[in-house]
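Student: I am new to this structure. Could we go through it together, step by step?

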Amino acid sequence: MSSPSPTAGTTPRLRLAGIRKVYPTVVANDGIDLTVEPGEIHAVLGENGAGKSTLMKIIYGVTRPSAGEIHWEGERVEVANPARARALGIGMVFQHFSLFETLTVAENVALALPGRPPLAELTQRIAEVSEHYGLPVDPRRHVHALSVGERQRVEIIRCLLQNPRLLIMDEPTSVLTPQAVRRLFDTLRMLSVEGCSILYISHKLDEIQELCHTATVLRGGRVTGHCKPAEETPQSMARLMIGKDLPVCEHGPAATGGEARLQLSGLSHASDDPFGTDLRDIHLDVHAGEIVGIAGVSGNGQQELLRAISGEERIAEKFPVRIGGVEAGRLNAAQRRRLGLCFVPEERLGRGAVPSMSLADNAVLTAARNAGLVRGGFLSFARARRFAAECIERFDVRSGGPRAAAKSLSGGNLQKFIVGREVLQTPRLLVCAQPTWGVDVGAAAFIRQALIDLRNRGCAVLVISEELDELFEICDRIAVIAKGRLSPARPVAETSVEDIGVWMSGLWPGAEPLPAEVADAAA
Amino acid sequence: MLRLEARAEPSRLMSWCSPLLAAVLTLLAGMIIFWLLGKDPLQGLRYFLIHPVKDLYGVSELLLKATPLMLCAIGLAVGFRANVWNIGAEGQFMLGAVGATGVALYFAESDSALILPAMVVAGAAAGAAWAAIPALLKTRFNANEILVSLMLVYVAQLSVSWLVFGPWRDPMGFGFPQTAMFHDAALLPAVLEGTRLHLGFGFALAALAAGYVFINRSYTGFKMRVAGEAAEAARYAGFSARRVIWIGLLTGGAAAGVAGMAEVAGPMGQLTDKISFGYGFAAIIVAFVGRLSAPGIFLASLLMALLFIGGEQVQQYMNLPSSISMVFQGLLLFFLLGSDVFIHYRLRFGRAGA
């Protein structure tokens, strides 16, 4: 399970007292107390918007608290900026990496260190650290050629070179394969044994249970509980986190023999982005009445595949994308919608919704035709408001009503609105990217159930997600995308998280052997 | 200590107060300029603001001056809403004047009632055609429409000069660079007896109404707004980016072309090489002061027309240089951009924190 608990009676590594942070419209942190002992792996647990990230930014000196005290190894300190935090011995690995893609690993690390360390010596030290902690990465390689897992290792090594005594990790596993998660946990346990404290931010309860010694639960900017994860179950921690029991999805067997609503046959497309992923010879059928999931580590062609299916990116030929039997490769997004396609994109603000426009206007954005919100070339405001109101009610969108601007909603509520808008159009084919990314547990369960209900009514559903658990919960068949190639889709009952994890490195039965370097990078 | 603090969301109130604040600041700065030039500031303001509108004739002149501004600005607003930056309304205005003049001169012998409608169509078509050049280059080669439309202004100006110095010069005009005066059938009728205010003002009001309906009520206008607010969302919804560019530029070009037509068929009665007083450029300021909305543009073009006429008045009565009205236009835009900061930020006193 976990390494022995830290010894009591010593000076705490970090102690926060009454931390409060007020933004113009919200109180992000409200009187938070937190104590981290030396060598302790301490989880900070909470739904989105609970104030976890704000608290970490305060500790790392990115933002300053409105009130409250920070004590570092027994002494009161002011953490004015991240440089000060690093000088104290605090390191942080952000959810979104800050690496220069065109530089090598060693160059990226050098940029973060004080002074001008000679590169040759640094390369040597990186190699030592990476050896010692089991974080294999070649210091001479360019960052753009690294997988997401490797990039995270670079970020961690960069922190470790400064010998931190507290390492903050913000949602570190959201981008990793299950195998890479194992290796990361081994590294973190080793650091803990050597006396480094770790603050581990996550909403994945099973991981916290496995890794962490203690946990502090936040809800609405306040501490609502403490626990020892080893003595809890994911269900009991979820109750602490959301204040009620977690709803469970009802699934039921898939209908068989539905017609193919989406057919990808030999879809290849070169990405415009020099660091994008080219799609290579993708084959996939999605039938009426089933949910097909595509797993994979982000950056392996998901964005490109979604754009090629949605019509935001037109491809060179007509035949590789067929929607409802019609060759659609050259059609734009609006024309494909007329074939019964609805689509929930990954980004909500600015792509799935226009931030400054009202929810009623955002209903018009994609439902104009299917819900009759435009009459004779003119907007029908009354109909748009009614459609938005129905969506708000049926999908429990917490908002100021149809006239509220899209940007005034929290991420999870906007996601519910967008999913609702697409689902209410009764699509024949729904394509959904990261349906519950950044959405709190309660809303996530609701959205999953909505997708399952849609499938039960005979819609074909394609879900692309990085959350394996989610895919296993809702999908009938699962395929894996790696380096722009797609594996065959397997029925969920005939596969396992471990198998899919291996496939995520691009190694599935019958896969073309990849160049050694590529296979390594995907690991 | 003063500091700016970001607002949680842009202030709607401030977005309408900002133009008023800018107008007040422009007047204050104007008074300081009068004072520095050794003139009585209050006297200056009287000539600038009150004198031009002291009687019905003055008001009619103000509306006459506002007519091309309204037409150009509402056309530009349609494009600006969609982030299509047509800076060349001045050139499109001149081409509209050229198109209308061509019809008037070609049918100089005819008394047909169809001449005026034909001139309107020709003016709109010529303005739109001029704006089609940046649209084509933008959609084909991704050429920046700001540069292309701006540079075409100078091409338009030189073309007008060539026409009035060359093939279209009035043989009876003692060599002046101007065409023959239009005959009655090619002149817009006056709408107010005893003034120069003509039917073109009616065109401007109609254009404002049409612009309002198009921007706020039509599905195409909705698509334009989405394209301007969030290009990725427009792509996601399947709105054609090319169509947005074409509509934005052609609308602006056609409206400016009609304004050019109304100028030659209205107060000018002929084409000269000084056909525009910078209406096309001033309309950019009008569009922004009017918050890219039809009612706002109506008010802003009256204000801008007042600055034009007021400038002429102080030149006449106070011996100030004519460039004073350009100074006022510049001040207005400067203060507007400055005041707009307060839409997104609020002013706070005291130290940061808490």
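**A sheet, a domain boundary and a chain contact**

Tutor: Chain A holds an open sheet of four strands in the order β2-β1-β4-β5, with antiparallel pairing. Strands (E, at least two residues) and helices (H or I, at least four) are DSSP runs, numbered from the N terminus. Two strands pair if DSSP finds at least two bridges between them. This is a predicted model, in which local features need pLDDT of at least 70 and side-chain atom pairs count only at pLDDT 80 or more, while totals for chains, interfaces and linings use all residues. Residues are numbered from 1 along each chain as its sequence is written, and chains are lettered from A and ligands numbered from 1 in the order in which they are written.

Student: Which strands stand at the edges of the sheet?

Tutor: They are β2 (27–36) and β5 (75–77) of chain A; each has a single partner strand, so one side of each is left without a neighbour in the sheet.

Student: And over how many bridges do β1 and β4 of chain A pair?

Tutor: Strand β1 (14–22) and strand β4 (67–72) of chain A pair over five bridges, in the antiparallel sense. Arg15(A), for instance, has His71(A) of β4(A) as its bridge partner.

Student: Next topic: what does the domain assignment give for chain A?

Tutor: It gives domain 1 (14–242) and domain 2 (260–522), with bounds from an automatic or database domain assignment. The centres of the two domains of chain A, taken over C-alpha atoms, are separated by 31 Å.

Student: How many residues of each domain are in contact?

Tutor: In chain A, 18 residues of domain 1 are in contact with 21 residues of domain 2. Contact requires C-beta atoms, placed from the backbone, to lie within 7 Å. On the domain 1 side, α5 (148–160), α6 (178–193) and α8 (234–242) of chain A give two or more residues. The largest share, three residues, comes from α8(A).

Student: What about the contact between chains A and B?

Tutor: That contact takes 27 residues from chain A and 18 residues from chain B. On the chain B side, α8 (219–229) and α9 (231–237) of chain B each supply at least two residues.

Student: How do α11 and α13 of chain B pack?

Tutor: Helix α11 (279–289) and helix α13 (324–344) of chain B pack at an angle of about 35°, with axes 10 Å apart. Axes are lines fitted to C-alpha atoms, for helices over the stretch in contact, and angles run from 0 to 180 degrees between N-to-C directions. Among the residues making the contact are Phe288(B) of α11(B) and Leu332(B) of α13(B).

Key. Contact = placed C-beta atoms within 7 Å.
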